[in-house]
Amino acid sequence: MDGRHKTPPNVLDLAGKRFGKLVAIERAGKTKKDNALWLCQCDCGNTTIANATSLRVGDIISCGCSKKERIDHARQVLTDDMTIDGVVV
């Protein structure tokens, strides 16, 4: 044995797979609990490191840019659809 750890054969290869706005590029290590981490490219151009399990179950779908879009949309709906002369109804 040479002391290096081999990747177990049951590890899922997520390279090239899309998860929301993210595309997995390559393995980027693992968490303290041995969950795989992946470097992902977001449609907005940013990259992020994401837990493989969170990607697969849909907990992470962007680099964080989607949160801002959802907040902006909610603010716009509140302003446009739920106010009369600037008063929330």
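Two strands pair if DSSP finds at least two bridges between them. With that in hand, here's a quick tour of this predicted model. In strand 4, T47 is the residue that Q41 stands opposite. The chain has 89 residues, and its secondary structure adds up to two helices and six strands. Four of the strands make an open sheet, three salt bridges turn up, and the second largest pocket holds about 160 Å³ of space.

**The overall layout**

- Going along the sequence, you meet the elements in the pattern β-β-β-β-α-α-β-β.
- Just 20% of the 89 residues count as buried.
- The chain exposes about 6,900 Å², and carbon and sulfur atoms supply 54% of that.
- Take the contacts between residues at least 6 apart in sequence: 23% of them join residues at least 24 apart.

**The four-stranded sheet**

- As a bit of background, strands of a sheet pair through backbone hydrogen bonds, either parallel or antiparallel.
- Here the sheet is open, its strand order is 1-2-3-4, and the pairing is antiparallel.
- Strand 1 and strand 4 are the edge strands, and each of them pairs on one side only.
- Strand 1 (residues 18-19) pairs with strand 2 over two bridges, in the antiparallel sense.
- In that part of the sheet, F19 stands opposite L22 in strand 2.
- L22 also has a partner in strand 3, where it stands opposite C42.
- Strand 2 (residues 22-30) runs antiparallel to strand 3, and six bridges join the two.
- Strand 3 (residues 36-42) is mostly covered, with five of its seven residues buried.
- On to strand 4 (residues 47-51): it pairs with strand 3 over five bridges, again in the antiparallel sense.

**The two hairpins**

- Strand 2 and strand 3 form a hairpin with five residues between the strands.
- D34 belongs to that hairpin and takes a positive phi near 65°.
- Strand 3 and strand 4 form a hairpin too, with four residues between them.
- In the turn of this hairpin, G45 has a positive phi of about 110°.

**Salt bridges**

- In general terms, side chains of opposite charge can pair when their charged atoms come close.
- The count for this chain is three salt bridges.
- One of them joins R18 and D43, whose closest N and O atoms are 3.0 Å apart.
- That pair links distant parts of the chain: R18 sits in strand 1, D43 sits in the loop between strand 3 and strand 4, and the two are 25 residues apart.
- K30 and D34 meet through their side chains in a salt bridge at 3.2 Å, N to O.
- Both K30 and D34 are exposed, and D34 is the residue with the positive phi in the hairpin of strand 2 and strand 3.
- D72 and R75 form a salt bridge as well, with 3.5 Å between the closest N and O atoms.
- Both residues of this pair lie in helix 2 (residues 65-81), three residues apart, or about one turn of the helix.
- D72 counts as partly exposed because its relative accessibility is 33%, and partly exposed covers the range between 20% and 50%.
- R75 has 49% relative accessibility, so it also counts as partly exposed.

**A closer look at R18**

- R18 has its place in strand 1.
- Its relative accessibility is 48%, so R18 counts as partly exposed.
- Leaving aside neighbours within four places in sequence, R18 is in contact with V23 and D43.
- D43 is also the salt-bridge partner of R18.
- R18 and L55 are 37 residues apart in sequence, yet their C-alpha atoms are 9.1 Å apart in space.

**The second largest pocket**

- A word on the idea: rolling a probe the size of a water molecule over the atoms shows where empty space is left.
- The second largest pocket comes to about 160 Å³.
- Its lining includes T48, I49 and A50, along with D59, I60, I61, S62, C63 and G64.
- S66, K67 and R70 are also among the lining residues.
- Strand 4 and helix 2 each supply at least two residues of this lining.

Conventions: Residues numbered from 1 in each chain as written. Predicted model: local features only at pLDDT ≥ 70, side-chain atom pairs only at ≥ 80, totals over all residues. Heavy atoms only, no water. Buried < 20%, exposed > 50% of the residue type's maximum accessible area, 1.4 Å probe, protein only. Contact = heavy atoms within 4.5 Å. Areas by Shrake-Rupley, 256 points an atom, 1.4 Å probe, with all protein chains shown as cover. 1 Å grid on protein atoms, 1.4 Å probe; cavity = no way out; pocket = protein on both sides within 12 Å on 5 of 7 lines; lining within 4 Å. Points joined across faces, edges and corners; volume = space filled by probe spheres on them.
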